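I opened the model today to look up a few local features. My notes are below, in the order I made them.

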Amino acid sequence: MLKRFFIFLALVSILCGAFFLNSPDKQVEQAEPVWPVVDTSRVDRVDVCLPQKDCFSLVRRADGWDVAQHGWNISPEADPDRVRALLEALGQAKALRYLGRMAEGHEAEYGLDFPAVRIATGGGQELAVAVGAENPSGEGRFASNSREKGDLFLIPGSFVRQCEFPAEHYYNLLLLSGKPENITSISLDGGSFLWTLNRVDGNFVFSFPASLNGKIASSGDVNLLLHSLLETPAKGIVPDGVKERGSQVLNIEVGFSDKRTEKVEICELSGTVDFFLANSTVRKGNFVLSKEHFEQLDKKAFQMRQRTVLSIETGKVGSMRVLQGNQTFTGMKNGKTWVNFEDKKPLLGIDMSLWRLNELKFEAEPAETLSASAEKVMELELMNEDGRSLVTVDFFSDPELPTGQCWLSLGDGSGYYPVSDKLLEDLQGQIPLRK
């Protein structure tokens, strides 16, 4: 009997519970809305609108993103890192807190009638975001979104700072894309001059002009040229018809290890000598280049060739002899320092001067003989630890040379090289000759 009573109570409890849960008077608690998370891998378009500026779109393509703008007949390629930063801002955004429902027609109270930023994503993840005014405490900004319509949120001001960039912020302004180690050839046509380099056993070697065929190019100058092509951004991009193109002044062709060839064509910009226009087979649009950027690319064959006069192993130099006028000076290397042979006082900067001697470049083709105006001003002999001569370098002044240059000769019949006289001046200051 007692068992039947407990079964009856259980049935009554179940029926009462069901009635209570389905009662229209029951207030079901709901969690507050949260700021939506965007799966950026599924976004294929981002529309951005800023006050006083035209709206633009970032459009995903198979291998990157483009910047689409009203009135442009081309869509410049977007910088992948900057697009990624925007997507991360959208994918990681969090509200400081939920503020409740907005009364209909009260958007202006929160600056949402003319938002500071409007962003909409498309594709597999559709979301529209509007960011309004700063709240009175300056803690954050009022915001709304299309998934929680009518709800008001407070989001960090940092979100706006990550999203308020104009279209030009997203342009990829690099003339070419690729890695220097994947480049196999470089050709440059400057109208009156032409040269071609090919990579051979890790070095770039001239194949044209014929007079330089087989000669190794300067690795430092090649690296600077490639840096200007692959890593130095242009000043900007302008649509067709905005700037008048002048005559072509430079054409650069670059070959890559995957057999593709890319080109950059540079023209004068009408009305100015400070800027140039460039087109690239890799990018869409007219690049605006500064004069300095153009000069980094506008290199004659002479400037690209290996122009160092000598190469010595500075670690093997144990002593040096300097003859200037009727005075002679001898320096000795004592461990890691240089000292005066006579009084054993330390000499500073000698190792750096030897390194600079290796780096010294001739400024024009060497001369076979010197004019009568040339005068020998210093003889520098470098010797090893055993006193055996490694090299003798003679410096000559000459008023017929351009200002800031002197002649250098190795005495081996290779000729007289016009070089910067800065090293000579520094050596004269380092060597303690009698006054």
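The entries cover a pocket, a buried acid, a cis peptide bond and two backbone angles.

**Entry 1, the model.** I note at the start that this is a predicted model. I therefore kept to local features with pLDDT of at least 70.

**Entry 2, the pocket.** I began with the largest pocket, which has a volume of about 330 Å³. I then listed its lining and got 19 residues; the closest to the centre are Asp63, Glu77, Ala78, Pro80 and Asn172. Next I asked which elements give two or more residues to this lining. They are strand 3, residues 64-69, and helix 2, residues 80-92. Helix 2 provides the largest share, with 4 residues. I sorted the lining by class as well and found 9 nonpolar, 4 polar and 6 charged residues.

**Entry 3, Asp421.** I moved on to Asp421, in the loop between strand 24 (416-420) and helix 8 (422-430). Is Asp421 buried or exposed, and which side chain of opposite charge is nearest? Asp421 is buried and has no salt bridge. The nearest side chain of opposite charge belongs to Lys422, 7.9 Å away. The cut-off for a salt bridge is 4 Å, so I do not count this pair, at 7.9 Å, as one. I also looked up what touches Asp421, leaving aside neighbours within four places in sequence. The contacts of Asp421 are Gly404, Gln405 and Cys406.

**Entry 4, the cis bond.** I looked up the peptide bond that joins Phe208 and Pro209. This bond is cis, and I read omega as about 5°. Pro209 lies in the loop that runs between strand 11 (203-208) and helix 4 (219-230).

**Entry 5, positive phi.** I wrote down two lysines here. Lys259 has phi near 80°, a positive value in a residue other than glycine. I placed Lys259 in the loop between strand 13 (245-256) and strand 14 (261-269). Its relative accessible area is 77%, and I marked Lys259 as exposed.

Lys344 was the other entry, with phi near 60°, again positive and in a residue other than glycine. Where is Lys344 placed? I found Lys344 in the loop between strand 19 (337-340) and strand 20 (346-347). Lys344 has a relative accessible area of 53%. Exposed means over 50%, so I entered Lys344 as exposed too.

Technical notes
Residues numbered from 1 in each chain as written. Heavy atoms only, no water. 1 Å grid on protein atoms, 1.4 Å probe; cavity = no way out; pocket = protein on both sides within 12 Å on 5 of 7 lines; lining within 4 Å. Points joined across faces, edges and corners; volume = space filled by probe spheres on them. Nonpolar A, V, L, I, M, F, W, Y, C, P; charged D, E, K, R; others polar. Buried < 20%, exposed > 50% of the residue type's maximum accessible area, 1.4 Å probe, protein only. Lys, Arg positive; Asp, Glu negative; His and termini not counted. Contact = heavy atoms within 4.5 Å.
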